[in-house]
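Open the model in your viewer and keep the selection tool at hand. This tour goes stop by stop.

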Amino acid sequence: MRGSVFKRCQCRDANGKRVKSCRKPHGSWAFTVDAGRDPSTGKRKQITRSGYRTRDLADAALTKELAALDAGTWLDDRGVTVGAWLDQWLDELTAAGRAVKTVANYRSHVRDAWKPQLGGVLLRDLRRRHVERVLASLAAPLDGERPAGNIGRRIAQRSPSTIEGYRRTIRAALSAAQRRELIAMNPAMGRMDSIPTLTTDDEETVWQPEETARFLEHVFEDRLSALYELAAYAGLRRAELCGLRWADLDEDSAGLTVRQTIVSVTRNQVTPRQAACPVCGSEHVGRLFKAPKSRKGRRWVPLAPAAQRALARHREAQRVEREFFGIDYDDHDLVFCRPDGLPLRPDGVTVAFEAHVAACGLPVVRLHDTRHGACSLLLAGGVPIEIVQMILGHSSPEITRRIYAHLMRKTAAEQVETASKLLTQHRPKRAAL
C-alpha cells in the first residue's frame with residue numbers, strides 16, 4: 001500500500017490500546033505515504049501529514065501527494081518554515097564568503113520584511129500571493145515613525161527600485177531552496193504586480209554638463225577635488241574611488257585599473273579576519289578593503305586630460321602632507337586618503353559631497369549620480385555603447401542603455417536636429433504658417 005488515511009485522537013479501548021476507527025467528533029485526520037527508499041540509507045521513506053479536520057480532506061491531500069510522486073515532482077521539505085530556511089541560507093552565504101555588503105543587504109531585508117510576515121509559513125505552503133502581499137505592504141505609504149533611507153533622509157514611501165530589491169532577496173533565497181529540492185518552483189520569479197511601475201516623476205535627477213562643470217569649479221580648491229573629477233570624467237563608484245591606489249594608475253597616467261575597493265561596514269557585519277587591513281593588519285572601523293564585486297568590476301578605465309591634470313595636482317599636495325607627518329604618515333598607497341595616509345570613510349565622502357552640492361546651489365543628486373552623468377557624456381561624445389559598458393563596469397550594454405534612456409535629453413534633441421538637417425536642406429524653403 002502506497003498510502004493510508006487514519007485518525008489521530010487519544011481514545012483507548014478496554015485494553016489500553018489506541019482506537020483505530022474512533023467515531024467521536026474530535027481529534028484530527030492524517031495520512032502516511034510511502035515515498036520510496038532513501039538513496040543514502042536504503043531504508044523506506046514514509047511521510048506523514050496531519051491536521052486535517054475531516055477524512056475527506058485527508059483523502060484529497062493523500063491523492064495530491066501520490067499524484068506528485070507519480071509525476072516526479074514530489075519534494076521532501078522536511079517541514080522547514082520560511083523563517084528557518086532564510087536563517088540557514090544567510091548562514092550558508094556567510095560561510096561561502098559572499099560579499100559582506102551583499103549579505104548585509106539580504107539580512108536587513110529578511111529582518112525587516114520577510115521573517116516578520118512570512119517566517120512562520122511552511123516552505124512548501126509558500127505561494128505567489130504571499131510574496132505579493134508582502135511587497136504590497138512595502139509599497140504602501142509609511143505612517144508614524146518613518147525609516148531612514150540609505151542616505152539618512154526620512155522617507156514617506158519606498159521607491160519601486162527599493163521594493164524590487166526586497167523581491168530580489170526572497171527570489172535568491174527561494175532559488176537556493178529550489179536547487180536543494182525543498183520546493184518545486186520559485187514563487188518569487190517574474191514580474192510582481194504589487195511593485196509599482198517606475199513613472200517619469202520617479203526618474204533620477206542627473207546634472208547636465210554645464211551643471212557638472214559648475215560643481216567642479218566650486219570644489220577646485222577642495223582637498224579631494226581630484227576625487228570629484230574622477231567621479232565626473234571616469235564614472236568610478238564611491239568604493240572604487242576610496243580604494244584606488246597609485247599603483248593602479250598607468251605609468252603615463254592615461255588610465256587606471258580598478259583592482260581594490262573600500263566599502264562602509266559596521267563591526268557586526270564582518271569577522272575580525274575580514275576587518276583586518278591587508279596593508280597594516282589593523283582594523284579601520286567602518287571600512288573594509290575588498291576586491292571588486294564582479295569580474296566586470298575589475299577593469300581598465302581611460303582618463304580624460306582634465307582628470308590626469310587633477311591627479312597630478314593631487315599627487316603634489318599629498319607629497320606635502322607626507323613630508324608634514326614624516327614617520328607618522330600611515331602609507332597605504334591610496335590615491336584618496338586622510339592627510340595622515342589612513343583610508344577615507346566612504347560615508348564621510350558622501351557627506352562632504354552633499355555639503356558641496358548644497359553650498360553651490362545645484363539640484364540635489366547623489367555622488368553615484370555623477371557616474372550616470374559620465375555615462376551620458378561618453379555616449380554623447382560618440383563612444384560606442386559596448387565600450388561605455390566596459391569603462392563603467394556594467395554587466396551588459398542593456399543596463400547602460402537603460403540608464404541612458406532618461407539622460408541627456410538636451411544633447412539627444414540637438415543630435416536629432418543635426419540629423420534632420422540632412423533631409424530638410426534639400427527641401428524648398430516655405431513661408432512660416
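Select Phe336 and show its surroundings. This is a predicted model. Beyond its neighbours within four places in sequence, Phe336 is in contact with Leu224, Ala226, Leu227 and Leu230. Its contacts also include Leu241, Cys242 and Leu244. Leu311, His314 and Leu344 complete the list.

Now widen the view to the core around this residue. Phe336 belongs to the largest nonpolar core, which has 48 residues. Together with Phe215, Leu230 and Leu256, Phe336 is among the residues with the most contacts inside that core. Colour the helices that feed this core. Each of these supplies at least two residues: H6 (209–218), H7 (225–234), H8 (238–243), H10 (305–325), H11 (346–360), H12 (369–380) and H13 (385–392). Which helix gives the largest share of the core? It is H7, with seven residues. In soluble globular proteins, nonpolar side chains tend to be buried together.

Next, select Leu118, Ile163, Tyr166 and Leu174. They are part of a second, separate core, and this one has 32 residues.

Stay with Leu118 and bring up helices H2 and H3. Leu118 is one of the H3 residues in the contact between these helices. H2 covers residues 82–95 and H3 covers residues 100–118. Their axes come within 10 Å and cross at roughly 175°. Are the two helices roughly parallel or roughly antiparallel? An angle over 145 degrees counts as roughly antiparallel, so H2 and H3 are roughly antiparallel to each other.

Show the side chains where they meet. From H2, select Val82, Gly83, Leu86, Asp87, Trp89, Leu90, Leu93 and Thr94. From H3, add Val103, Tyr106, Arg107, Val110, Trp114, Lys115 and Leu118. By class, this contact has 10 nonpolar, two polar and three charged residues.

Go to Thr370, in helix H12. Is Thr370 buried or exposed? Its relative accessibility is 13%, so Thr370 counts as buried. Leaving out residues up to four places away in sequence, Thr370 touches Trp207, Ala231, Ala232 and Phe353.

Two loop residues come next. Select Ser253, in the loop between H8 and strand S4 (255–257). Ser253 is not a glycine, yet its phi is positive, near 65°. Ser253 is partly exposed, with a relative accessible area of 22%. Then select Asp333, in the loop between H10 and H11. Here, too, a residue other than glycine has a positive phi, near 60° for Asp333. At 28% relative accessibility, Asp333 is partly exposed.

Now turn to the cysteines. How many disulfides does the count give? The count is zero. Select Cys280 and Cys277 to check a pair. Cys277 holds the cysteine sulfur closest to that of Cys280, at 3.7 Å. A disulfide needs sulfur atoms within 2.5 Å, so this pair is too far apart for a bond. Cys280 is partly exposed, with a relative accessible area of 34%. Compare Cys360, which counts as buried at 9% relative accessibility.

Finish by zooming out to the whole protein. The secondary structure comes to 15 helices and seven strands. Of its 433 residues, 40% count as buried. Take the contacts between residues at least 6 apart in sequence: 62% of them join residues at least 24 apart.

Notes:
Residues numbered from 1 in each chain as written. Predicted model: local features only at pLDDT ≥ 70, side-chain atom pairs only at ≥ 80, totals over all residues. Heavy atoms only, no water. Core = buried A, V, L, I, M, F, W, Y, C linked by side-chain atoms within 4.5 Å. Buried < 20%, exposed > 50% of the residue type's maximum accessible area, 1.4 Å probe, protein only. Helix = DSSP H or I, 4+ residues; strand = E, 2+ residues; numbered from the N terminus. Contact = heavy atoms within 4.5 Å. Axes fitted to C-alpha atoms, helices over the stretch in contact; angles between N-to-C directions. Parallel < 35°, antiparallel > 145°, perpendicular 65-115°, else oblique. Nonpolar A, V, L, I, M, F, W, Y, C, P; charged D, E, K, R; others polar.
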